[in-house]
Amino acid sequence: MGIKDRVAIVTGSGQGIGEGIARSLAGAGAAVVLNDIDEQRVSALSDEMKAAGFEACYYVGDISTKDGAAGLAECARDNYSRLDILVNNAGIARDKWLVKMTEEDWDEVIRINLKSQFLCTQAGVSQMMEANYGRIVNIGSRAWLGGPGQANYSASKGGVVSFTRTLALEFAKYQITANAVAPGLVDSPLFRSLSQENQERLTKTVPVGRIGGPDDIGHAVAFFADDDSWYITGQVLYVCGGRSVGAY
Ligand SMILES: NC(=O)c1ccc[n+]([C@@H]2O[C@H](COP(=O)([O-])OP(=O)(O)OC[C@H]3O[C@@H](n4cnc5c(N)ncnc54)[C@H](O)[C@@H]3O)[C@@H](O)[C@H]2O)c1
């Protein structure tokens, strides 16, 4: 794939989907700047990847803050002198019925799922503009279509779609593409935090009959990140075993 020797940031890559994306990009030859708020997880992953011969470093920080986002972009510049691929992956869920949802539940999800993408893109895109090259891949969710108990989460992921489409238009003249990957159900600590009953109920709704893995999302991100994907921008790619097509 045309990713070799590119420099990529993956936010929230200490575990789950972000970790899968980092492994996919590194496996395709990119240098990866890992990030998480959990230092232990992200440093262990960085050590493991380096021991396996991959190029990696990490930055510990909350990317939903301006300082955290700026620190992460600087980490790419300090270690590799540039940034080619930005994967805005970090996200959380605080599912509740609307009548029980607190203002904090709303603000927290919008801040981490959507505002962080704005801050990290604003912090990193200047390096891409200087090089007249870039690949921005935002992790959304099939849930942007709407999901009971997910007013905050669905709205944040709907925002990711609109944000991505706008980035595509604003940065096209710099040869920077912006696309979104919308996962369905993916085996990660976030998914496993649901009750066993909910996990089984949801899995039955996937047309292909099983949930995906972090590497399935990594595969889609690597596609958008490829040099050869230069003519694809502003798009949303569902990676959800057919679940976006309709209820099953
Ligand atoms: N797992 C699924 O089924 C699923 C489905 C659709 C979309 N997604 C999306 O995929 C992305 C990753 O989800 P996941 O399932 O791997 O979740 P996860 O909870 O397993 O992992 C998320 C990682 O992000 C980190 N993180 C959280 N807030 C952060 C912050 N402010 N700064 C830096 N790091 C932070 C966490 O510490 C954690 O390591 C999210 O955007 C999520 O909305 C997941």
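User: What makes the seven strands an open sheet, and in which order do they stand?

Analyst: In this predicted model, the order is β3-β2-β1-β4-β5-β6-β7, and the pairing is parallel. Strands β3 (56-60) and β7 (236-239) stand at the edges with a single partner strand each, so one side of each has no neighbour in the sheet. From one strand to the next, the twist averages 20°.

User: How do you know that β1 and β4 pair?

Analyst: Pairing requires at least two bridges between the strands. Strand β1 (residues 7-10) and strand β4 (residues 85-88) share three bridges in the parallel sense, so the criterion of at least two is met. One residue of the pairing is V10, whose bridge partner in β4 is V87.

User: Which strands does helix α3 touch, and which does α5 lie across?

Analyst: Helix α3 (residues 66-80) packs on the sheet and touches β1, β2 (31-36) and β3. The direction of α3 makes about 155° with that of β3. Helix α5 (residues 151-171) lies across β5 (134-139), β6 (176-183) and β7, and runs at about 170° to β5.

User: How do you know that the length of α3 agrees with its number of residues?

Analyst: At 1.5 Å a residue, the 15 residues of α3 should span 21 Å, and the end C-alpha atoms are 21 Å apart, which agrees. Just after α3, S81 takes a positive phi of about 70°.

User: Which residues of α3 are buried, and what do they pack against?

Analyst: The buried residues are G68, A69, G71, L72, A73, C75, A76 and Y80. They pack against β1, β2, β3 and α4.

User: Why is Q150 called buried?

Analyst: The relative accessibility of Q150 is 16%, and buried means under 20%, so the term applies. Q150 is placed in the loop between β5 and α5. Leaving aside residues up to four places away in sequence, Q150 touches D95, K96, A143 and A155.

User: What makes the pair Q150 and D95 a polar contact?

Analyst: The side chains of Q150 and D95 are joined at 3.2 Å, and the limit for a pair of N or O atoms is 3.5 Å.

User: Why is D5 called exposed, whereas N132 is called partly exposed?

Analyst: D5 has a relative accessible area of 53%, and exposed means over 50%, so D5 qualifies. N132 has 39%; partly exposed covers the range between under 20% and over 50%, so N132 belongs there. D5 is in the segment before β1, and N132 lies in the loop between α4 (103-131) and β5. Each is a residue other than glycine with a positive phi, near 65° for D5 and near 55° for N132.

User: What makes K4 and D5 a salt bridge?

Analyst: The closest N and O atoms of K4 and D5 are 3.8 Å apart, and the cut-off is 4 Å, so the pair counts. K4 is exposed, and so is D5. The structure holds 13 salt bridges.

User: Which salt bridges lie within helices α1 and α4?

Analyst: Among them is the pair E19 and R23, with the closest N and O atoms 2.9 Å apart. Being four residues apart in helix α1 (residues 16-27), E19 and R23 are separated by about one helical turn. Another pair is E108 and R111, at 2.7 Å; both lie in helix α4, three residues apart, about one turn of the helix. E108 counts as partly exposed at 26% relative accessibility, and R111 counts as partly exposed at 26%.

User: What joins R6, R82, D84 and D227 into one network?

Analyst: Salt bridges that share partners join these residues.

Key. Residues are numbered from 1 along each chain as its sequence is written. This is a predicted model: local features need pLDDT of at least 70, side-chain atom pairs count only at pLDDT 80 or more; totals for chains, interfaces and linings use all residues. Side-chain values use heavy atoms; hydrogens and water are left out. Helices (H or I, at least four residues) and strands (E, at least two) are DSSP runs, numbered from the N terminus. Axes are lines fitted to C-alpha atoms, for helices over the stretch in contact, and angles run from 0 to 180 degrees between N-to-C directions. Contact means heavy atoms within 4.5 Å. Buried means under 20% relative accessible area, exposed over 50%, partly exposed in between (1.4 Å probe, protein chains only). A polar contact is a pair of N or O atoms within 3.5 Å; within protein, one must be able to donate a hydrogen and the other to accept it, and residues adjacent in sequence count only if both atoms are side-chain atoms. The expected span of a helix is 1.5 Å times one less than its number of residues. A salt bridge is a side-chain nitrogen of Lys or Arg within 4 Å of a carboxyl oxygen of Asp or Glu.
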